[in-house]
Every structure is written in structure tokens, then in C-alpha cells.
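Here is a short note to read beside the model. Keep the 3D view open as you go.

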Amino acid sequence: MRVLSGIQPTGRPHWGNFFGAIRQYIDLQQENDGFYFIADLHALTTVRDPESLRQYTIDAALDLLALGLDPDKATLFLQSHVPEVCELTWLLMTGTPMGLLERCHAYKEKKAKGMTADAGLFTYPVLMAADILAYDSKIVPVGQDQVQHIEVCRDIAGSFNHTYGETFVLPDAKTLDHSSKVPGTDGQKMSKSYDNTLPLFGNVKQIRKQIMRITTDSRPMEDSKEPADDHLFQLYRLFASESEIESMAAMYRRGGFGYGEVKKAVAEASEAYFEDARARRDELVANLDFVHQTLRDGAEKARKVAAEVLSRAQRACGIR
Ligand code: ADP
Ligand code: TRP
């Protein structure tokens, strides 16, 4: 089954990106035909510095490969290397009601804050729909906040099919419930926009410092605490085994511990969890030719599929 997802190269990926999205791609590559791309065209709606965009894009490829994306099993490419997607975007745009896009959260939130939105941000969900439909994708693993965009994609595809006859495959979003919202260092949802992220890669000592600075409540040490309500506990359980989670939960309920102990446990567990990926990433950095070749091979494969779907859509609407 075709599984597809995209990741925007807008900065260094964080724990929320991994547990909410990336980990699912990697798991799904085993049993499926995985297409994963780096959404550099989408990133243009926020990153306006060309050098940063170039760096974030190659970093994203390195990160995905380091985290276990296997080019022998899945296809990895850059969104901009498949121009058929942009052509398809136009075909879809002509049948997309304004109202549908006005309801989309990224645009709506920006407008609500009184900021001016550009046409790129407004039509972002249509490009995303083209990304998905161009490869006859059936499953789209994403974080909770992207589910609305998959709904929009289904609406757009459904209405195209209704107007021109069966052309597109309708995709389904796949989310992971228990880790759908990873909290950040301040307890709100971890997000680049809130400046509360913990990065997947980077200087270990620096990351440890950030973990030690995670905000906690000021209840007395001896109080019993409900683990499920505590963001530090939620972070710990991302990395710990069932039995470790159980004993940490018991410690919370007993009370009489300091949050410093839990932070240390989070640091140790996360370091061990990402240790192999960190080593693999260092190897890849030393072998960038391999990374570029992987992206070229991926784009070639992706374009073949996208070209077929595009010509199917063109024929359906009378362009060919
Ligand atoms: P950010 O909010 O940091 O800008 P993105 O919007 O680029 O992150 O998200 C990339 C992917 O990671 C999306 O699929 C999103 O749903 C997922 N994601 C981001 N933050 C979290 C989080 N805190 N918990 C779970 N998933 C997340
Ligand atoms: N909008 C997605 C995000 O911010 C990235 C993305 C672009 C995507 N195109 C996609 C995800 C197609 C899934 C399918 O995370």
C-alpha cells in the first residue's frame, strides 16, 4: 500500500516531530511502499533565507536517514524535484472553494492575529493535496495538527472525481494517539513557534541543560502527584520501557521525590534512545554524496508515478 508523508525543512526537528510524525514513517516503511519527501516548497511560506532553506533541507534528509528511513525500502525525495506536483496543484485549485481554504487553521490563525497572509499560505493545503494525490497515496501518517489538511485533500479529490469521473485515490490520515501531543519544556505543545523544543540532534550537553531547565510546578516534594498530568512524566514515558514507566508512575504517586531526579532520568533515557541515530548521522555527514544520490534516485522514481497521475488528471479535465 502506498504510504506518503512530507516534512517541512523549517528548522531542526524536535521530539514532537519524531514521536508525532517521523517515527510513524519509519515503522510504516516495513510493510508498505513508503514515499517520503522534504516539503521545501511548503517551507518557502516561512523560510525566506535561501542559505537557511538549503541547510534545513539537507539536514532534514540527514535526520530522516539517521533515524532509520531506509532507501532500500522507501523512496526519499525533495518536493521541488517533482514539478508535476505544481502542475497538479493548479488543476486542483480550479475546483477548490475559497471557503474551504478560509477554514484552514494556519491561514485562519494568522488572519486572526491581524497578520497579512500571502497566497502561498492560503493555498498551502492545495499544494499538500497535490503532494498526496500525485502518488495515489492511500495512507498519510501525520501529527494531529495535519489531520484537517488530509480532510481538505479528500474534499478536493472527491469533488474532482465527482466532476470529472474517478481520477484520484482518497487518502486516510494515520495518527498515533498516545503521543499525538508531545509537551515542550514549558508544558504547552512542543513547537518551533513556542520556542520550547528539545532537538533530536545537536550537542548532548546543551540538550541536557535544556532538559534540566524544563518548568515544573512548585508543589512540596512529599506530595503525591498524578503522573498523567505532568509534562515531565509524559516526556519520560516516550523513552522508557513499560516497567520503567510503571515504577516512575509509582514514585509520583508515593511522592517524596525531586523533579531534578526525573529530569536526569529523562536526559539519560533520551540520550540512550537516540544514541544509534546520532552515530549514523555522523557517518552520513561524512558521506554526503550518498545522501545526494539517494535524493536523486528517489526523485526519479517519484516523478514516474506523478507523471502518470498528472496525465490521468489532465485527460479527465480536458487538458490533453
Ligand atoms: P512545529 O509545530 O514545531 O512547527 P511542524 O508543524 O513542522 O512542527 O510539524 C511537523 C510534524 O510533526 C507534523 O506532522 C506535526 O503534527 C508533528 N508535530 C509537531 N509538534 C508536535 C508535538 N508537539 N507533538 C506531536 N506531534 C508534533
Ligand atoms: N504540511 C505538513 C507539515 O507541516 C508537511 C506536508 C507537506 C505534508 N505536504 C504533505 C505532510 C503531504 C503529509 C502529506 O507537517
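The points below cover the domains, the interface between them, and one ligand site.

1. Start with the status of the model. It is predicted. Keep that in mind for each point that follows.

2. Next, the domains. The assignment splits the protein chain in two. Domain 1 covers 2–181 + 287–317, so look for two segments when you colour it. Domain 2 covers 202–273. The centres of domain 1 and domain 2, taken over C-alpha atoms, are 34 Å apart. Where they touch, domain 1 supplies 6 residues and domain 2 supplies 8 residues.

3. Now the interface itself. About 550 Å² is buried between domain 1 and domain 2. Carbon and sulfur atoms give 78% of that area. On the side of domain 1 that touches domain 2, there are 3 nonpolar, 2 polar and 1 charged residues.

4. How many salt bridges are there between domain 1 and domain 2? The count is 0. Polar contacts across this interface also come to 0 residue pairs, with both residues required to be at pLDDT 80 or more.

5. Turn to ligand 2. It has 14 residues around it. Those that come nearest are Q8, H42, Y124, D131 and Q146.

6. Which atoms of ligand 2 pair with the side chains of Q8, Y124 and Q146? For Q8, a polar side-chain atom lies 3.0 Å from an oxygen atom of the ligand. For Y124, a polar side-chain atom lies 2.7 Å from a nitrogen atom of ligand 2. For Q146, an N or O atom in the side chain is 3.1 Å from a nitrogen atom of ligand 2.

7. Last, is ligand 2 mostly buried or exposed? Alone, ligand 2 exposes 370 Å², and the protein buries 90% of that.

Technical notes
Residues are numbered from 1 along each chain as its sequence is written. Chains are lettered from A and ligands numbered from 1 in the order in which they are written. This is a predicted model: local features need pLDDT of at least 70, side-chain atom pairs count only at pLDDT 80 or more; totals for chains, interfaces and linings use all residues. Side-chain values use heavy atoms; hydrogens and water are left out. Contact means heavy atoms within 4.5 Å. Buried area is the accessible area (1.4 Å probe) that two parts lose on being put together, summed over both. A salt bridge is a side-chain nitrogen of Lys or Arg within 4 Å of a carboxyl oxygen of Asp or Glu. A polar contact is a pair of N or O atoms within 3.5 Å; within protein, one must be able to donate a hydrogen and the other to accept it, and residues adjacent in sequence count only if both atoms are side-chain atoms. Ala, Val, Leu, Ile, Met, Phe, Trp, Tyr, Cys and Pro count as nonpolar, Asp, Glu, Lys and Arg as charged, and the others, Gly among them, as polar. A residue is near a molecule or strand if one of its heavy atoms lies within 4 Å of it. Accessible areas come from the Shrake-Rupley method with a 1.4 Å probe; for residues, only the protein chains shown count as cover.
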